[in-house]
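Reader: I would like to learn how to read a structure by its helices, strands and individual residues. Where do we begin?

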Amino acid sequence: MDFLQNLFSDPATYRLLTIVILSIFLGIEVIGRVPSVLHTPLMSGANAIHGVVIIGAIIVMGQAPSDDYLALTLGFLAVILGTLNVVGGFVVTDRMLEMFSKKKKK
Amino acid sequence: MENIILPLSYLIGSITFIVGLKMLSHPDSARKGNLVAAAGMTLAIFATIFLYHDEQGNTLGNYPWIFGGLVIGTVLGTLAAKKVQMTAMPEMVSLFNGMGGACAMLISVIEYHHNPSADKGMLIVIVLGMIIGTVSFAGSIIAWGKLNGKIKDKAIPGAQIINFILWAALVVLAVMLITGFCATPVVFYGILAVAALYGVLFVMPIGGADMPVVISLLNSFTGVAAAFGGFLYNNPVMLTGGILVGSAGTILTMLMCKAMNRSLKNVLIGSFGNNAASGGSSSKEQGAYKEISLNDTAVLLAYSQKVFIIPGYGLAVAQAQHACHELEKLLEEKGVEVKYGIHPVAGRMPGHMNVLLAEADVPYEKLMEMEDANSEFGTTNVVLILGANDVVNPAAKEDPSSPIYGMPILEVEQAEHIIVNKRSMKPGYAGIENDLFFKPKTSMLFGDAKKVLQDLVGELKAL
């Protein structure tokens, strides 16, 4: 119950909750009517965007005490994995879309 | 002044994600949209590194580690993404998705390790983020393995019961941990292990042909896991990015299911491989098929007025898109009208064939979507099917017991002649027999798509 109480009384948490609700509708709205040709690049682009989790990895890495080797190692790994998700995701998407634009010009 | 730059960067980041996704869903702006989102992401990342500070005003440390990780990830990610072949794109997306899930999982593990007695709200966020991230990670790795053939489809007896037990175990363990009833690291890592097992078993029984839907679903899972990170650090950009992908990904998953005329439930529970055994073997009058020689094919094609090429996964596997384009150009020179009929789910992902043919510079106007192609088959002389199978299987229209019944198909039977190039008579990915191959109009041209196409080009030139 405390948790629920906090959710609505703490302005910061409440703000986050509002963002969540609005983002859900925005996500649905934004996709709207997408041609099936673009399903794969869109999925790949969305895949890169959730790589935003890297920010969490950076924060956890940056806050790790310098003698806590477990946190350092795992944090380091998390930063690598997160970067892979972001960079790989955007590059793969670009490669897919590059082909679409090339054929358009012809 | 300085303390508004970080929130401002996050705001810009969130906006670029929204605008980027919007642009990605239109063909003209898609590529720019991807770059917009990437720019916003870069801004958010560097703003975090240099400007983030906690409530006590402590900035981040361990810069060598952070930059080391960023550099390694960037190099590996770029190399992997640049080197991967067009055919292996779906796997790559799945793998990157798994990395994101693993990243979310590790964040939760470290946060718990730092503060095992965090308050309830925090623990809920940590545990949920970890569960979803882990399921996404384990599931994506299995999906990756399935797509590149390392892991075979396998029906697990009683999978639903096992999954239910795992679910129950997850709930019980999570409640034990969060309520403090038994808040030990053992329970925490137990949750991790169960979630990983669940991720594996969740994807394992689903047929390879359905992997795109599964990857899309896991993609939205990772989005939600990232959003939990946003709660954890009170970070708006993680929250918007994560939730956006979570909801957009879910819609996309449903759109993909719709393109295949199947419900999500059907994909997840009624696994393809299972029903195929019962549905496929029931085909009744399977006569003999007839083969056609390369030479005859070349003659038939050269003296047609209109030829439709139906590409499938076989074309992608054989990397035959360039040979295919060459054949098409040669036929056009001989005055034959050549078009491509593209089924929305041909290949391993929606749009797979478009991307593949675009790579070989096949003009955009030649690619017909399914509805348009279906209205033209009646006036077509020859349909050349290259490594496609399930998308032309008449069972989808005629046989209610077939697992693919109801899926819209390319109705190639209306054409005068049908030539099917396959490597052997083995059924397609869904494991269903295809009556089309035994129809009197159909001739089989066996062999690797690339080899066959190159030989056909040779024959045509010699004509």
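Author: What follows is a dialogue on a predicted model, taken by chain and then by element.

Reader: What pattern does chain A follow along the sequence?

Author: Chain A reads α-α-α-α-α, with five helices and zero strands. Its 106 residues are 62% buried. Among its contacts with a separation of 6 or more, 59% are between residues 24 or more positions apart. The accessible surface of chain A is about 4,400 Å², and carbon and sulfur atoms hold 65% of that.

Reader: Now a helix in chain B. How many Å should the 28 residues of helix H5 span?

Author: First the general idea: an α-helix has 3.6 residues a turn, so residues three or four places apart point the same way. For length, the rise is 1.5 Å a residue, so H5 of chain B, residues 120–147, should span 40 Å. The C-alpha atoms at its ends are 40 Å apart, which agrees.

Reader: Is H5(B) enclosed or open?

Author: Buried here means under 20% relative accessible area. Of the 28 residues in H5(B), 21 are buried, so the helix is largely enclosed by the rest of the structure.

Reader: What is found at the start of H5(B), and what follows the helix?

Author: At the start, the backbone nitrogen of Gly121(B) is within 3.0 Å of a side-chain oxygen of Asp119(B). After the helix comes Gly149(B), with a positive phi near 80 degrees.

Reader: Turning to strands, which residues cover the faces of S5(B)?

Author: Alternate residues form the two sides: Val382(B), Leu384(B) and Leu386(B) are on one, Val383(B) and Ile385(B) on the other, and all are buried. That is five of five residues in the strand, 382–386, so S5 of chain B is largely enclosed by the rest of the structure.

Reader: Which strands pair with S5(B)?

Author: Strand S2 of chain B, residues 306–311, runs parallel to S5(B) and is joined to it by five bridges. There, Pro311(B) stands opposite Leu386(B). S6(B) also pairs with S5(B) in the parallel sense, over five bridges, and Leu384(B) has Ile419(B) in S6(B) as its bridge partner.

Reader: Last, a single residue. Where is Asn434(B) found, and is it buried or exposed?

Author: Asn434(B) is in the loop between strands S6 (417–422) and S7 (442–446) of chain B. Its relative accessible area is 2%, so Asn434(B) is buried. A polar atom of its side chain lies 3.0 Å from the backbone nitrogen of Leu436(B). Beyond four places in sequence, Asn434(B) touches Asn389(B), Val392(B), Asn393(B) and Pro394(B).

How values were computed: Residues are numbered from 1 along each chain as its sequence is written. Chains are lettered from A and ligands numbered from 1 in the order in which they are written. This is a predicted model: local features need pLDDT of at least 70, side-chain atom pairs count only at pLDDT 80 or more; totals for chains, interfaces and linings use all residues. Side-chain values use heavy atoms; hydrogens and water are left out. Helices (H or I, at least four residues) and strands (E, at least two) are DSSP runs, numbered from the N terminus. Buried means under 20% relative accessible area, exposed over 50%, partly exposed in between (1.4 Å probe, protein chains only). A polar contact is a pair of N or O atoms within 3.5 Å; within protein, one must be able to donate a hydrogen and the other to accept it, and residues adjacent in sequence count only if both atoms are side-chain atoms. Contact means heavy atoms within 4.5 Å. The expected span of a helix is 1.5 Å times one less than its number of residues. Two strands pair if DSSP finds at least two bridges between them. Accessible areas come from the Shrake-Rupley method with a 1.4 Å probe; for residues, only the protein chains shown count as cover.
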